[in-house]
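Biologist: I would like to go through the internal spaces, a helix packing and some backbone details of this model. Please show it first.

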Amino acid sequence: MSKNFYISTPIYYPSANPHMGHAYSSIIADFFARFKRIDGYDVCFLTGTDEHGLKIQRAAEKKGEDPQSFCNEISQTFRNLTEVLNLSNTDFIRTTEERHKKTVQYLWSQLEKNGDIYLSKYSGWYSVSDEAFYNTDEIEEKNGKKVSISSGSSVEWIEEESYFFKLSKWQDKLLKHYEENKDFILPKSRKNEVISFVKSGLKDLSISRRTFSWGIKVPNNSDHVIYVWLDALTNYISALNYVETNSKSYKKFWPASVHLIGKDILRFHAVYWPAFLMAANIPLPLRVYGHGWILSGDEKMSKSKGNILDPLEIIKTYGLDPLRYYLIKEVSFGNDGNISKEKLENCINSDLANNFGNLCQRVTAFAQKNCSAKVPKIIKFNKEDLEMLNKFTNNLENIRNEIDKQNVNFYIDFIVNALFEANKYFNDQEPWKKKEDLDRLNTIVYTSLEMIRKISFMLYPIIPQTINKVLKIFNLDSNAISLESIASHDKLRSGEPINKIDILFKKIEKNND
Ligand code: MSP
């Protein structure tokens, strides 16, 4: 089986600075990328910015800037965010780059050559904010304005000459693909939405515009620019140099393992993108996962709603790893979730400071004092020790399988349980009362240290900076982390030094007024 893994985030519109919703998609993708790496995979992790279209053109005009300089500036803030969030992305693509433009034009010419494009006239509703066409039954009137029922954004009527993609022709093949590849779209609830949309009848899709110019030109007809979604979706293959014959990265990483996206852009990824690919005889990605939204109160956090929580501010106050942990644990993956400072503080205090930080501090301090600051020698594990340690051994395959279904909730629950049990084990075994039975004392300390190692390895994809600090206990660095090794409990060498570490997470004082 190939040990290559390709995960992408959506490419973000640089129409405004990044917010928590964007940070969320990126952090989750980073979690999967890091997990697969510690499981021995070669990982391609792509993110970037989606820079064409009327939405960006208008945002630039509003600021009195030309679209290219406007994009340069804001795209850079997204690139900076990859550093701030400690993402391990292997590439950052911008749709204004040459490598991308030539791939889009090449894909267009393939679709044209295969008879899937024709010229006609479009008349219908368009939302610039969503860069999406809507049918009349997808529109409602609100406060005297026509808006999309699904997104709430306002729509305008457009009528212009346009090239069309023969989407209707692919309806049955798409349905067959969903049927034969049960996990192509996850979570399941979203898959059903897509299937009923496709079953309700696909109309051909307008894929060019001629009333504005900020986009990639249609080959052989420069009056038209290519529809921004056809342009944007192509990023997933342009980053792999698809147009180059014998592109190594394309061969190695396509089809993508997972396109991770927000649920609002599922139709583009689970209907249009596979149809374009089928029409161009390109294999389809293996999975499209539509995660939920970060809400502020009951509403989606978004710039147009003005209810943004700035990830930079949160990170400045609380640190990056607490935010990463919070988003992965408290937003049940696949569903919408709320973020509030109060919940974040509770999470830092209970899970990170009390459960994890405390376990590391207590066990290492005890080992310092009672085991000459060295990994003790074990004589024999008893039933309780093995029960703790074997949880990991027995669940290794399970963990892999669940992550292959993007079951982040299973993963984090497993860790939280393990932490709870490791703390309980140390308390119940009372090594401080075993000073007369050094063999037993040593075994308890060894078992607890092994638990810290195993839990830390599993926490690494979630809170990598913190785990780098924890590994100093054992004189290890992140290169030593391998998922496989959570299944063994003979990884710590007796006699190796055990080092002191600083407090990992400071508890947040709550004032209760
Ligand atoms: N440019 C398109 C994606 C093209 S991918 C080929 C786009 N950009 S976006 O900037 O508007 O949104 C990017 C991603 O951020 C989407 O997956 C969207 O779901 C996600 N989020 C935006 N706001 C969000 C929340 N409040 N919560 C979680 N994710 C949300 O769409």
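Biologist: How many cavities of 30 Å³ or more does a search of the whole structure find?
Modeller: The model is a predicted one. The search covers the whole structure and counts cavities of 30 Å³ or more. The number found is 2.

Biologist: Which helix gives the most to the lining of the largest cavity?
Modeller: The largest cavity has a volume of about 40 Å³, and its lining is made up of Tyr12, Ser26, Thr47, Gly48, Phe78, Leu81, Thr82, Leu87 and Phe92. Two elements give two or more residues to this lining, strand S2 (42-49) and helix H3 (67-84). With 3 residues, the element that gives the most is H3.

Biologist: How many charged residues are in the lining of the largest cavity, and how many in that of the second largest cavity?
Modeller: For the largest cavity, the lining divides into 5 nonpolar and 4 polar residues, with no charged ones. The second largest cavity holds about 30 Å³ of space and is lined by Gly53, Leu54, Tyr126, Glu131, Arg209, Phe212, Tyr227 and Val228. Its lining has 5 nonpolar residues and 1 polar residue, and the charged ones number 2. The charged counts are therefore none for the largest cavity and, for the second largest, 2.

Biologist: Turning to the pockets, which helix gives the most to the lining of the second largest pocket?
Modeller: The second largest pocket has a volume of about 430 Å³. Of its 22 lining residues, Phe5, Lys36, Tyr41, Ser257 and Asp404 are the closest to the centre. At least two lining residues come from each of strand S1 (4-8), helix H1 (20-38), helix H9 (248-253) and helix H14 (383-404). The element that gives the most, with 4 residues, is H14.

Biologist: How many residues of the lining of that second largest pocket are charged?
Modeller: The lining includes 9 nonpolar residues and 5 polar ones. The charged residues of the lining number 8.

Biologist: Are helices H6 and H10 parallel or oblique to each other?
Modeller: Helix H6 (residues 188-199) packs with helix H10 (residues 266-279) at an angle of about 55°, and their axes are 11 Å apart. An angle of 35 to 65 degrees falls outside both the roughly parallel and the roughly perpendicular classes. H6 and H10 are therefore oblique.

Biologist: What is the handedness of the crossing of H6 and H10, and how many charged residues are in the contact?
Modeller: The crossing is right-handed. Its contact is made by Arg190, Val194, Phe197 and Val198 on the H6 side, and by Leu266, Arg267, Ala270 and Val271 on the H10 side. These divide into 6 nonpolar residues and no polar ones, and the charged residues number 2.

Biologist: Where is Pro187 found, and what is the peptide bond before Pro187, cis or trans?
Modeller: Pro187 is in the loop between strand S9 (185-186) and H6. Omega of the bond from Leu186 to Pro187 is near -10°, and the bond is cis.

Biologist: What is omega of the bond that joins Trp254 and Pro255?
Modeller: Pro255 has its place in the loop between H9 and strand S14 (258-262). The bond from Trp254 is a cis peptide bond, with omega about 0°.

Biologist: What is phi of Asn86, and what is phi of Asn143?
Modeller: Asn86 lies in the loop between H3 and strand S3 (91-94), and Asn143 in the loop between strand S6 (139-142) and strand S7 (145-148). Each has a positive phi in a residue other than glycine. For Asn86 phi is near 60°; for Asn143 phi is near 50°.

Methods
Residues are numbered from 1 along each chain as its sequence is written. This is a predicted model: local features need pLDDT of at least 70, side-chain atom pairs count only at pLDDT 80 or more; totals for chains, interfaces and linings use all residues. Side-chain values use heavy atoms; hydrogens and water are left out. Axes are lines fitted to C-alpha atoms, for helices over the stretch in contact, and angles run from 0 to 180 degrees between N-to-C directions. Angles under 35 degrees count as roughly parallel, over 145 as roughly antiparallel, 65 to 115 as roughly perpendicular and the rest as oblique. A crossing is left-handed if the near helix is turned anticlockwise from the far one by less than a right angle, and right-handed if clockwise. Contact means heavy atoms within 4.5 Å. On a 1 Å grid over the protein atoms alone, a cavity is a set of points where a 1.4 Å probe fits but cannot get out, and a pocket is an open set with protein on both sides within 12 Å along at least five of seven lines; lining residues have an atom within 4 Å of a point. Grid points are joined across faces, edges and corners, and a volume is the space filled by probe spheres set on the points.
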